[in-house]
Amino acid sequence: MIEERPGFPGALRAVGGVGGHVGAPHVMKSKPWPPRFCAACGARLRSFGQAGHARWRCARCGFIVYGNPVLAVVAVMTRGDRILLTRRAHPPFAGTWDLPGGFVEADEEAADAVDRELREELGVGVRRARLLTMVTDRYGRGGFPVATAVYRVTPTPGPITPAADVSEARWFARGAIPYREIAFPSMRRALRAFFR
Ligand SMILES: [Zn+2]
């Protein structure tokens, strides 16, 4: 359920909380980085360098954590000259503006993940999606590495209803995008790349 916020014609806000997905398994916390324990056997990991990159090796079983980025997807959607941003309901950077999206599940195509995330967060699906660019970042300060595929999306018709990981959605004109309230540097880069 949504309501129009007075004074903000394009503003939609979730009513009665931020949805029923708080603490859902797909909400990744920014805590477990760098990794401390082996995912294979539970023993403590030791960090080492390899070709200038940080790695972690298990002293007991030899399992190596390479720290490669986790794949995420976001959508750039427009209405006229305005672009849709969503307000993050959960850490990291709860309360800041973001592009809608989320993490790609195992055995899921990235384009299908955009459709699923938009349905979860906004109640609309993907009618057309085109890959614009890829950006890399950390999931919060000191968080695990993330690689985000940025899609230009035409959504399916229907009302936009913020839910799940999104507390608010709002259309921003190009000149009014609140870059200082967008916490992920990669999302600021993605928006600037879109407008170039
Ligand atoms: Zn181990």
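**Exercise 1. Determine which residues Val73 touches, and place Val73 in the nonpolar core.**

Solution. Two residues are counted as in contact if their C-beta atoms, placed from the backbone, lie within 7 Å. Not counting residues up to four places away in sequence, Val73 touches Gly101, Gly102, Val104, Ala110, Ala113, Val114, Glu117, Thr148, Ala149 and Tyr151. The model is a predicted one, in which local features need pLDDT of at least 70 and side-chain atom pairs count only at pLDDT 80 or more, while totals for chains, interfaces and linings use all residues. Residues are numbered from 1 along each chain as its sequence is written.

The next step is the core, defined as a set of buried Ala, Val, Leu, Ile, Met, Phe, Trp, Tyr and Cys residues joined through C-beta atoms within 7 Å. Here buried means that 20 or more other C-beta atoms lie within 10 Å of a residue's own, whereas exposed means 12 or fewer and partly exposed lies in between, with C-beta atoms placed from the backbone. The largest nonpolar core has 36 residues, and Val73 is among those with the most contacts inside it, together with Ala75, Val76, Val114, Tyr151 and Val153. Strand 6 gives the most to this core, with five residues; helices (H or I, at least four residues) and strands (E, at least two) are DSSP runs, numbered from the N terminus.

**Exercise 2. Establish which residues of helix 2 are buried, and what they pack against.**

Solution. Within helix 2 (residues 185–195), the buried residues are Ser186, Met187, Ala190 and Leu191. Seen down the helix axis, they fall within an arc of 140 degrees, so they line one face of helix 2; this arc is that of the directions from the helix axis to the C-beta atoms. Pro185, Arg192 and Phe195 are exposed, on the face turned away from the buried side. The partners of the buried residues are strand 6 (70–76), strand 9 (97–98), strand 11 (126–138) and strand 12 (145–155).

**Exercise 3. Work out the strand order of the open sheet of three strands, and which strands stand at its edges.**

Solution. Strands pair if DSSP finds at least two bridges between them, and the order in this open sheet is 3-4-5, with antiparallel pairing. Strand 3 (45–50) and strand 5 (64–65) each have a single partner strand and stand at the edges, so one side of each is left without a neighbour in the sheet. Strand 3 pairs with strand 4 (residues 53–58) over six bridges, and Phe48 stands opposite Arg55 in strand 4.
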